[in-house]
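Reader: Please take one part of this structure and describe it closely, residue by residue. I should then like to see how the rest of the chain is arranged.

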Amino acid sequence: RAVAVGAAVTLLAGCAPGHRDRPDHPDHPDHPAHPDRPAAAGKPGATATADALDVQHYGLDLDYAVTTRRLTGTATIDLVARRDLSRVVLNLRGPQTLSVRVDGHEAGFRQGGGKLVITPAVPLTAGVSAVAEIRYRGTMGTPKDANGTPYGWIATPDGAQVLSEPDGAPTWFPAHDVLTDKATYDFRVTVPRGRTAVANGVPAGHHDHGGRTTWTWRARDPMLSYLATVGIGDYDLTRSTGPQGIPIIDAVDRHLTATAAEDTRAALAEQQAVLRFLIGRWGPYPFSAAGAIVDDDRLGYALETQTRPVYATDVDDTTIVHELAHQWFGDSVNIGSWRDIWLNEGFAVYSEWLWEDQAYGEKYGATLDASAADVLALPAGDPIWKVTLADPTRAQLFDRAVYDRGALVLYELRKTIGDQDFWRLARTWAGQRTQTGVSTADFEELAGRISGQDLTGFFRTWLHSAGKPSI
Ligand code: ARG
Ligand code: ZN
């Protein structure tokens, strides 16, 4: 969630008509993350498709020298070829590959155009698992997304922050960077002694050797690559137990100002209540750990990195609601294509509205109806109505429209199908175990099936048309 969501992003947002065949579409083959896009020097081959590869596990062994920003990594990737493959295509942008082995044998590789194309000595056989070991190294900077926002591995004065939505993962590890392939992760992160390294999942110990410390974290809930994170800094690590007995592990920068430290502590203490609230609305928490990373380096936005969101220093309860709601919507139930991002952000903002309604509705008038009315009060000429919600451009992925109109769709849908069907729909949706991703069409189909109504016109108005609906 951006701190000042809207203004800055909206200004940059284009208003081109929606077509997947245009190059700015998030799923267009020219999108740097798209695996079908042939490597610069490579031939577009039958080997390079999204469905060809199923990564099951990444073992990321990273060594980071904070002062020189040097990242040295070994990625040990357990994968299964979904059909016979003579080449394996991963995404890697920035760090340079030093060597590749597949099943212990040296493999050929070519890196360029954001791709790492690996040619194993022996072609891979469909259904048979293999282990690729990739050594790489790079000097890290502050990569920017399509809107100029820092993302990916962001070097900070005392360490690093990692927020990779939508396609920043390849800035720090060789990833099968698609929305259709979840994997488990192990992280071993070596940092200068005295620094702390945190990642997704649960800690599995740390040890000092010479002037360095190696921190180990295990993320056993299958995860998309953009949700993987590492935080390196001078953190206090705290652990408590949340609902369902899950560990809540927080990493908070020791150098926050006194006020920020106080506010952060108060906000993070709300995680328990927020989790209970969200479980009450959407069903069981989908993962085996939770928690937060709060660093002092003014990134300006938060990200729902799985089990351990990254927050900016102005973290408050509403932002926590937003990022924790994404654990259900986006992380557990994942979209298979960026064009459907409204399903992630819409449910996250709608969760904010529900929380504010119960926490501040009576006292400050922040009711659900008032939140929806605020969006509906925006005049027809407002840029928010220019976006086609179910078909944003790459520059519109984080447009205010995706967030606020996304929540408004759910608000209007609830009015249309009634409370009982709405909650049945929402819980059914949230409880899906998705591996390759769900879509707007899937959501429409489920809404129609549960309500027994023909919602074609409703979704045409609220999702598939630009312009302010007249109601
Ligand atoms: N999904 C994040 C959130 O709503 C926002 C990520 C913004 N990412 C970016 N590259 N600008 O919490
Ligand atoms: Zn969000």
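Author: Strand 9 is connected to strand 10 by a hairpin that passes through 2 residues. The model is a predicted one, in which local features need pLDDT of at least 70 and side-chain atom pairs pLDDT 80 or more, while totals for chains, interfaces and linings use all residues. Residues count from 1 along each chain as its sequence is written, chains are lettered from A and ligands numbered from 1 in the order written, and side-chain values rest on heavy atoms, without hydrogens or water.

Strand 9 covers residues 152–156, and 5 bridges join it to strand 10 in an antiparallel arrangement. Strands pair when DSSP finds at least two bridges between them; strands themselves are DSSP runs of E with at least two residues, and helices are runs of H or I with at least four, numbered from the N terminus. Within this pairing, T156 stands opposite G159 of strand 10.

Strand 10, residues 159–163, is mostly covered, with 5 of its 5 residues buried (under 20% relative accessible area; over 50% is exposed and between is partly exposed, with a 1.4 Å probe and protein chains only). G159, Q161 and L163 point one way from strand 10, whereas A160 and V162 point the other way. Residues directed to either side of strand 10 are therefore buried, since all five of these names are listed as such.

The surrounding chain has 10 helices and 19 strands. Of its 471 residues, 58% count as buried. An open sheet of 8 strands follows the order 5-4-8-2-1-11-14-13, with mixed pairing. Strand 5 (105–106) and strand 13 (202–209) stand at the edges of this sheet; each has a single partner strand, so one side of each lacks a neighbour in the sheet. At the strand 13 edge, 6 bridges connect strand 13 with strand 14 (residues 212–223), and the two run antiparallel. In this pair of strands, H207 stands opposite T214 of strand 14.

The helices carry a metal site. The zinc ion (ligand 2) is coordinated by NE2 of H322, NE2 of H326 and OE of E345, at 1.9 to 2.0 Å; donors are N, O and S atoms within 2.8 Å of the metal (3.2 Å for Na, K and Ca), and sites may look incomplete because water is not among the atoms. Along the chain, the donors of the zinc ion (ligand 2) follow the spacing H-x3-H-x18-E. H326 in helix 4 (residues 317–328) and E345 in helix 5, 19 residues apart, link distant parts of the chain. H326 has 0% relative accessibility and therefore counts as buried, and E345, at 1%, also counts as buried.

The structure also holds 25 aromatic pairs, counted when ring centres of Phe, Tyr and Trp (its six-membered ring) lie within 6.5 Å; planes under 30 degrees apart are stacked, over 60 edge-to-face and the rest tilted. One of them joins W282 and F347: the ring centres are 5.6 Å apart and the planes at 90°, so the pair is edge-to-face. Because W282 belongs to helix 3 (residues 271–282) and F347 to helix 5 (residues 342–364), this pair ties together parts 65 residues apart in sequence. Both W282 and F347 are buried. Y350 and W353 have ring centres 6.5 Å apart and planes at 55°, so they form a tilted pair. These two residues both lie in helix 5, 3 residues apart, about one turn of the helix. Y350 counts as buried at 0% relative accessibility, as does W353 at 6%.
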